[in-house]
Amino acid sequence: MTSATTADLYTSAPAEIVGAVLDPEMPMVTLADLGIVRDVTVANDRVRVVITPTYSGCPAMLTIRSDIESALARHGYRDVEIITRLEPAWTTDWITATGRRKLVAAGYSAPGPAPRRTTGPIPLTLTPRPRDVTCPHCGSAATTLVSEFGATLCKAHYRCMECAEPFDHVKEI
């Protein structure tokens, strides 16, 4: 069997099952919403799933792999192979519009466009790059960075200067 294309990735039963698995760190979004499922194929009763972590050292990957295996097993798929692909690197641009809406509805600030890389070395900066962050509670752009690291490495912690509510911002990668 050939690999699914991006357009039909979530049309097969195993792909729909995998895509519906919730992210363990942000359970309001699915793996499909986050765009980390790169491919799902079935051949000779074996389901092969290719995923790309949001960070190469993402601590949630073991849980994600286990959750994928469990979800497929509940639907009768016992022979499962999960492959982690690091290239191309995941980007927040892969988060779907639905995923972004779910993040905001849950009180997160959704990421803006990911930084564009050019050829050559990646510049080292010792301070966070400025972001245009909007409060998910009141919509104000008057926000301030509290901590570059929130509950997980992929989030920064902010506070709104208008409504005074704290919130996490999903960092652009």
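Colleague: Let's start with P88. Which loop holds P88?

Modeller: Keep in mind that this model is predicted. To place P88, look at the elements on either side: β3 covers 79–84 and α4 covers 97–105. P88 falls in the loop between β3 and α4.

Colleague: Which residue is joined to P88 by a cis peptide bond?

Modeller: Most peptide bonds are trans. Here omega is about 0 degrees, and the bond is cis. The partner that this cis bond joins to P88 is E87.

Colleague: Now for the loop between β1 and β2. What is the phi of N44, which lies there?

Modeller: β1 runs over 37–43 and β2 over 46–51, with N44 in the loop between them. Most residues other than glycine have a negative phi. N44 is not a glycine, yet its phi is positive, at about 50 degrees.

Colleague: Is N44 buried or exposed?

Modeller: A residue counts as exposed when its relative accessible area is over 50%. N44 has a relative accessible area of 77%, so N44 is exposed.

Colleague: What about D45: what is its relative accessible area?

Modeller: D45 also sits in the loop between β1 and β2. D45 isn't a glycine either, and its phi is positive, about 65 degrees. The cut-off for exposed is over 50%. D45 is exposed, with a relative accessible area of 65%.

Colleague: Let's move on to Y77. Is it buried, partly exposed or exposed?

Modeller: Y77 lies in the loop between α3, which spans 61–74, and β3. Buried means under 20% and exposed means over 50%. Y77 has a relative accessible area of 23%, which means it is partly exposed.

Colleague: Which residues does Y77 touch, leaving out those up to four places away in sequence?

Modeller: Contact here means heavy atoms within 4.5 Å. With the neighbours up to four places away left out, Y77 touches A13, P14, I17, V47 and L72.

Colleague: How far apart are the C-alpha atoms of Y77 and T127?

Modeller: Along the chain, Y77 and T127 are 50 residues apart. In space, their C-alpha atoms are separated by 47 Å.

Colleague: Time to zoom out. How many strands does the protein chain have?

Modeller: Walk along from the N terminus and you meet α-α-β-β-α-β-α-β-β-β. That order goes with four helices, and the number of strands is six.

Colleague: What share of the protein chain counts as buried?

Modeller: The protein chain has 173 residues. Buried means a relative accessible area under 20%. Among those residues, the buried share is 38%.

Colleague: Which residues lie nearest the centre of the largest cavity?

Modeller: The structure holds one cavity of 30 Å³ or more, and the largest cavity has a volume of about 120 Å³. Its lining divides into 11 nonpolar, two polar and three charged residues. That makes 16 lining residues, and nearest the centre lie D23, M26, L34, T54 and C154.

Colleague: One more from the records. Which residues does the UniProt annotation "domain: MIP18 family-like" cover?

Modeller: This annotation comes from an unreviewed UniProt entry. In the model, the stretch it covers is 31% helix and 24% strand, and its end C-alpha atoms are 14 Å apart. The annotated range is residues 20–73.

Definitions and conventions:
Residues are numbered from 1 along each chain as its sequence is written. This is a predicted model: local features need pLDDT of at least 70, side-chain atom pairs count only at pLDDT 80 or more; totals for chains, interfaces and linings use all residues. Side-chain values use heavy atoms; hydrogens and water are left out. UniProt positions are given in the numbering used here, feature names are shortened, and annotations may be inferred rather than shown by experiment. Helices (H or I, at least four residues) and strands (E, at least two) are DSSP runs, numbered from the N terminus. On a 1 Å grid over the protein atoms alone, a cavity is a set of points where a 1.4 Å probe fits but cannot get out, and a pocket is an open set with protein on both sides within 12 Å along at least five of seven lines; lining residues have an atom within 4 Å of a point. Grid points are joined across faces, edges and corners, and a volume is the space filled by probe spheres set on the points. Ala, Val, Leu, Ile, Met, Phe, Trp, Tyr, Cys and Pro count as nonpolar, Asp, Glu, Lys and Arg as charged, and the others, Gly among them, as polar. Buried means under 20% relative accessible area, exposed over 50%, partly exposed in between (1.4 Å probe, protein chains only).
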